[in-house]
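The exercises below ask the reader to work through one protein chain, and each task is followed by a solution that goes step by step.

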Amino acid sequence: MPLSSPVPRALRHTRAIEIEAFARDDGLWDLDARISDVKVRDVTLASGVRSGGTYLHNLYLRITINRELTIVDAEAASDAVPYPGYCDTIAPAYKKLIGLSLMKGFRLGVKERLSGVLGCTHLSELAQILPTAAIQAYANDVIQTRDGAGHDPLPNKPFQIDKCHALRAEGPAVAVYYPRWVAKAVPG
């Protein structure tokens, strides 16, 4: 269902976020993430005027992860920044992501290692969405989602149950798609 029709309005700014996942020949995976900001009209910054339609930010973050979703390498790059010669010097700090698990304490780890003056606000914000992107990339490739009504011999529930509103164990979607794992109300 689409959003409601908006009132008359004028576009001023576009932020785009894109993440691509790649299975590497060595068994690892790369997540290539990009965040960009574009104003539709000229904007004056302390560092000078940026013409409308050009990038204010065009930043990249690549993490390399193993099958356990632990970061084994990380790199950042900045093609467009508001303060050239300053913003674009922080890229080496993103090596601090190495060793973090996307599934256990990742977001807190990013904050501890790269918040405030320790990192770039935009790159650190981009890093925060990588766990769910990795899960989407791994689904049915590395992690079996076990969707469907087929026979499921495994004793533990599929990882996605109780990870969102739609797939709550006591909900109707689990009753339909994962009937073995639906939580039944205990008579009281």
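**Exercise 1. Strand pairing**

Task: Determine in which sense S2 and S5 pair, and over how many bridges.

Solution: In this predicted model, strands S2 and S5 pair in the antiparallel sense, and the pairing runs over 10 bridges. One bridge can be checked by residue, since Leu 31 has Ile 63 in S5 as its bridge partner.

The next step is to follow S5 to its pairing with S6, where residues 55-65 and residues 71-80 are joined in the antiparallel sense over eight bridges. Two opposed pairs help to fix the register: Thr 64 faces Asp 73 in S6, and Ile 65 stands opposite Ile 71 in S6. These two strands form a hairpin with five residues between them, and in its turn Leu 69 has a positive phi of about 70 degrees.

The last step turns to S1 and S2, which pair in the antiparallel sense over 11 bridges, with Thr 14 standing opposite Val 38 in S2. Their hairpin also has five residues between the strands, and there Gly 27 takes a positive phi near 95 degrees.

**Exercise 2. Burial of a strand and a helix**

Task: Decide why S5 and H3 can each be described as largely enclosed by the rest of the structure.

Solution: The criterion for a buried residue is under 20% relative accessible area. In S5, eight of the 11 residues are buried, so this strand is largely enclosed by the rest of the structure. In H3, seven of the nine residues are buried, so the helix is likewise largely enclosed.

The buried residues of H3 can then be listed as Leu 130, Pro 131, Ala 133, Ala 134, Ile 135, Ala 137 and Tyr 138. What they pack against is strand S1 (13-23), strand S2 (29-39), S5, H1 and helix H2 (121-128). After the helix comes Asn 140, whose phi is positive, near 65 degrees.

**Exercise 3. Two residues, two exposure classes**

Task: Classify Ile 17 and Gln 128 as buried, partly exposed or exposed, and describe their surroundings.

Solution: Ile 17 lies in strand S1, and its relative accessibility of 43% means that it counts as partly exposed. Apart from neighbours within four places in sequence, Ile 17 is in contact with Arg 34, Ile 35, Leu 126 and Ile 129. As a distance check, the C-alpha atoms of Ile 17 and Asp 30 are separated by 16 Å, while these residues are 13 residues apart along the chain.

Gln 128 belongs to helix H2, and because its relative accessibility is 17%, Gln 128 counts as buried. If residues up to four places away in sequence are not counted, Gln 128 touches Arg 107, Val 110 and Lys 111.

**Exercise 4. The nonpolar cores**

Task: Identify which residues have the most contacts inside the largest nonpolar core, and which element gives the most to this core.

Solution: The general expectation comes before the inventory. In soluble globular proteins, nonpolar side chains tend to be buried together.

Here the largest nonpolar core has 34 residues, and those with the most contacts inside it are Leu 61, Ile 63, Ile 65, Ile 71, Tyr 94, Leu 97 and Leu 102. At least two residues of this core come from each of S2, S5, S6, H1, H2 and H3, and H3 gives the most, with five residues.

Tyr 94 can be examined on its own: not counting residues up to four places away in sequence, Tyr 94 touches Leu 61, Ala 74, Ala 76, Leu 114, Gly 119, Cys 120, Leu 123 and Ser 124. A second, separate core has seven residues, including Ala 169, Val 174, Trp 181 and Val 182.

**Exercise 5. The largest pocket**

Task: Describe the volume of the largest pocket, then its lining by residue, by element and by class.

Solution: The volume of the largest pocket is about 390 Å³. Its lining is made by 19 residues, and Thr 132, Ile 135, Gln 136, Phe 159 and Lys 163 are those that lie nearest the centre. The elements that give two or more residues to this lining are helix H1 (106-114) and helix H3 (130-138), with H3 giving the most, four residues.

Sorted by class, the lining has nine nonpolar, six polar and four charged residues. Joining this with the earlier steps, H3 gives the most both to the largest nonpolar core and to the lining of the largest pocket.

Key
Residues are numbered from 1 along each chain as its sequence is written. This is a predicted model: local features need pLDDT of at least 70, side-chain atom pairs count only at pLDDT 80 or more; totals for chains, interfaces and linings use all residues. Side-chain values use heavy atoms; hydrogens and water are left out. On a 1 Å grid over the protein atoms alone, a cavity is a set of points where a 1.4 Å probe fits but cannot get out, and a pocket is an open set with protein on both sides within 12 Å along at least five of seven lines; lining residues have an atom within 4 Å of a point. Grid points are joined across faces, edges and corners, and a volume is the space filled by probe spheres set on the points. Ala, Val, Leu, Ile, Met, Phe, Trp, Tyr, Cys and Pro count as nonpolar, Asp, Glu, Lys and Arg as charged, and the others, Gly among them, as polar. Two strands pair if DSSP finds at least two bridges between them. Buried means under 20% relative accessible area, exposed over 50%, partly exposed in between (1.4 Å probe, protein chains only). Contact means heavy atoms within 4.5 Å. A nonpolar core is a set of buried Ala, Val, Leu, Ile, Met, Phe, Trp, Tyr and Cys residues joined through side-chain atoms within 4.5 Å.
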